[in-house]
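Here is a short report on one protein chain. Look first at how one helix sits in the fold, then at a pocket and the chain as a whole.

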Amino acid sequence: MNSFGGFPSKSRSLVSEASGGEKMVADGFSSYNNIAMSLQSSYSQPLFTTPPLSIAIPKMENLGEMGLLRGSHNSSLIGRLREDELESEGGSGDDDNATRNKSSKKKKYHRHTPFQIQELEASFKDNPHPDEKSRLELGKRLGLDAKQVKFWFQNRRTQMKTQLERHENSILKHENDKLRIENITMREAMRNPMCENCGSPAILGDVPVEQHHLMIENARLKDELARLHHLGGKFLGRSNGSMPPFTSNSSLDLSVGRNGFTGLNSLDHGIPLGLDFGNRMSNSFPAMPPNGNMINFSDKSLFLELAMAGVDELIKLAQLDSPLWFRSLEGDGESLNLEEYTKMFSPCIGVKPSDFATEATRATCNVMINSTQLVEALMDTKQLTELFPWNIGSASILDIISPGIAGSKNGMLQLMQAEFQIPSPLVPIRPVKFIRFCKQHGEDAWAVADVSVDTLLHGITGNVHVSCRRLPSGCIVRDMANGYSKVTWIEHTEYDENVAHPLYRPLLRSGIAFGAQKWSSNLRRQCELFASLASSAAFGVDHSALSPSGKRSIVKLAQRMTRGFCSGICSTVDEWEVVQDADNTKLMTRKSSGNSGAPPGVILSASTTVWMPVSPQHLLDFLQDEKTRSHWDVLSQDGPMQSMLRFSKGRDLNNNISLLRASADANQSDVLILQETCGDALGAVVVHAAVPAAEMDVVMNGGDSRAVPVLPSGFAIFPDCFPEGGGNERGGSLLSIGFQILVSNLPEARLTMESVNTVKSLIGRTHRGIKGGLGCN
């Protein structure tokens with residue numbers, strides 16, 4: 001006898017009666033109708049009997065396994081239950097043969113005690129199919145014959161099988177009802193077909209295929225544009241009613257900057273004293289696609305949603321205090337309570353990788369710039385690198401997702417990439433792709449928020465290894481009455497700690513290297529410098545007697561020199577090629593054509609980092625002192641340096657630019673030393689370079705400094721945050737030493753071992769001279 005799924009096909013008939021009396025069969029199931037009918041007519045006995053367990057299924061040959069059981073039932077148990085049907089004949093209260101033969105001998109039934117039933121149920125739960133030895137032991141323990149135990153287990157398995165079959169019958173009935181409803185729906189849909197994609201009547205026989213595709217695309221763009229209008233109204237602070245209406249017969253203008261957004265506003269209005277450092281585009285990121293856009297129109301709504309979530313979180317982080325933030329750094333630095341943060345915020349860019357560390361800090365400062373100018377600078381990569389010449393190796397805009405409204409930066413959203421760095425060969429750069437969103441927050445405040453988008457871009461540019469993720473970070477800028485701005489800076493980053501040298505890991509965890517206080521400190525110094533250049537008044541000491549144009553030219557040259565020093569240690573800005581990276585020393589070379597601010601030829605950069613058992617301030621004072629310079633500078637061997645001019649870049653005297661002559665009696669010397677010093681308690685750099693006197697004279701008179709080639713050398717100082725090296729209570733200092741030398745005037749020349757040994761010897765001699773001058777031998 002044929003069966004379907006272990007049951008007579010009649011119980012699974014997929015035939016249903018339509019309202020008109022005709023039979024409707026679900027598509028794909030019509031063949032089962034004939035099977036069900038033939039099975040129904042082949043039965044001569046009742047479909048169900050009533051043995052002592054009340055609803056046992058009649059025995060049928062060639063039954064298949066039950067295939068539609070739902071839940072967590074054990075399929076092997078079902079197989080055993082079917083085998084037990086052949087074993088369970090006679091000897092118990094379930095004896096079907098005694099019932100059918102209607103024996104005249106009345107059977108004596110044994111009722112088990114509650115304790116026996118409880119123990120039998122517990123044994124059945126552990127093992128529903130015990131062997132003979134187990135049955136003997138159980139019967140002996142409960143005072144039952146082994147045969148009684150055997151029949152009880154058989155009856156219990158039969159009862160369970162019956163319950164499971166009831167459950168399956170219920171499921172089959174439910175599925176049959178669903179198929180009936182689907183059948184009716186399909187028949188109605190066939191009478192009035194509609195296109196699921198565009199909502200138009202599906203008359204494909206009368207519509208060309210090209211037109212059908214255009215209808216689908218038009219419907220998709222309508223939906224996307226309506227969604228963008230809704231999102232734009234949210235993050236620009238406008239109600240839905242203020243958004244431009246969209247009608248089906250309006251022409252679709254899908255270019256970015258229209259449909260409720262203004263055109264791209266000019267980027268010319270920014271800090272009026274910007275410094276020209278040339279093209280600093282990094283090539284460590286994937287190239288732009290041929291069409292010039294990193295993302296297509298349909299992807300931009302994802303960035304809009306991420307931007308709104310990021311700026312909301314940034315504003316909350318700036319407004320909330322304890323217990324979310326606690327003091328941990330010097331000055332105004334605060335660290336984020338990560339436990340409280342996880343309770344209040346959900347991760348907007350996914351869960352942190354297990355091997356990543358977290359640094360999250362906040363700092364507040366007052367800067368000499370109004371909020372509008374600062375926001376303009378933050379949204380323009382050229383001005384951005386001028387504001388943070390040591391934090392940012394390179395920065396570029398990949399795509400402008402929203403250009404803002406009414407010619408301002410309010411609502412501007414752009415996709416960016418940047419390289420964050422600290423001047424040390426032991427800490428790799430941090431390349432990050434992120435969106436930067438600018439939103440006006442009230443009448444006199446702005447929020448500029450960054451969020452990494454590597455997770456979203458994986459589907460566009462392919463999976464790439466990410467060593468750093470930027471959670472909602474940025475700043476809140478508020479105007480003050482005296483022309484200053486109050487800036488609250490927040491840095492929240494997750495990074496792969498294993499890529500950094502163990503010597504620097506405590507420094508990175510503390511937030512001193514890349515934290516908010518570092519960004520706000522550098523911002524304050526640069527704004528003071530721009531303010532001093534804009535006015536005749538000078539900060540601090542000024543022995544230069546320079547004209548404003550001459551002072552400006554020297555500042556441009558000095559900052560280009562310092563940026564070249566930082567890039568020669570860790571950045572990819574000038575396309576350095578690593579030659580050697582071992583024993584805390586890195587050697588790199590590059591070919592210069594003479595138009596990048598360096599002399600033409602092959603340039604070799606060498607850098608190393610050492611631990612010094614003195615405080616950072618003590619080390620900085622030693623390196624700035626002209627009287628002790630002879631300990632480490634080969635140009636000072638003939639006598640102490642003569643200071644020709646010096647002026648401060650701000651209120652802190654540690655931030656200054658000076659011009660030195662090689663020796664006091666060398667009045668006719670044709671080489672001068674340009675030196676820039678900048679820093680604070682979080683770190684400092686001292687960079688110098690030899691400059692021909694004739695060219696320096698042109699610069700001092702306000703001439704163009706871009707034509708002056710420089711090969712910078714110098715030092716970078718950071719506090720050691722892990723006091724295990726001995727020394728003072730602050731744990732000493734981490735000193736990076738860097739040199740750049742011209743190996744050959746020919747760009748096609750090859751690097752020789754003699755040049756490598758020379759620069760290594762120079763680094764070693766400088767290190768020993770500093771230790772000797774400090775008395776650290």
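Helix α10 covers residues 371–378, and six of its eight residues are buried, so the rest of the structure largely encloses this helix. Buried here means under 20% relative accessible area. The six are S371, L374, V375, E376, A377 and L378. The start of α10 has a polar contact: a side-chain oxygen of N370 comes to within 3.2 Å of the backbone nitrogen of T372. The model is a predicted one.

Now the pocket. The second largest pocket has a volume of about 500 Å³. Its lining counts 24 residues, and L711, S713, F739, Q740 and I741 are the closest to its centre. By class, 17 lining residues are nonpolar, five are polar and two are charged. Helix α18 gives the most to this lining, with five residues. Each element in the table supplies at least two lining residues of the second largest pocket.

| Element | Residues |
|---|---|
| β19 | 683–692 |
| β20 | 713–719 |
| β21 | 733–744 |
| α18 | 753–774 |

Last, the whole chain. The secondary structure comes to 18 helices and 21 strands. Of the 777 residues, 49% are buried. Take the contacts between residues at least 6 apart in sequence: 68% of them join residues at least 24 apart. The accessible surface of the chain is about 37,600 Å², and carbon and sulfur atoms account for 51% of that surface.

Definitions and conventions:
Residues are numbered from 1 along each chain as its sequence is written. This is a predicted model: local features need pLDDT of at least 70, side-chain atom pairs count only at pLDDT 80 or more; totals for chains, interfaces and linings use all residues. Side-chain values use heavy atoms; hydrogens and water are left out. On a 1 Å grid over the protein atoms alone, a cavity is a set of points where a 1.4 Å probe fits but cannot get out, and a pocket is an open set with protein on both sides within 12 Å along at least five of seven lines; lining residues have an atom within 4 Å of a point. Grid points are joined across faces, edges and corners, and a volume is the space filled by probe spheres set on the points. Helices (H or I, at least four residues) and strands (E, at least two) are DSSP runs, numbered from the N terminus. Ala, Val, Leu, Ile, Met, Phe, Trp, Tyr, Cys and Pro count as nonpolar, Asp, Glu, Lys and Arg as charged, and the others, Gly among them, as polar. Buried means under 20% relative accessible area, exposed over 50%, partly exposed in between (1.4 Å probe, protein chains only). Contact means heavy atoms within 4.5 Å. Accessible areas come from the Shrake-Rupley method with a 1.4 Å probe; for residues, only the protein chains shown count as cover. A polar contact is a pair of N or O atoms within 3.5 Å; within protein, one must be able to donate a hydrogen and the other to accept it, and residues adjacent in sequence count only if both atoms are side-chain atoms.
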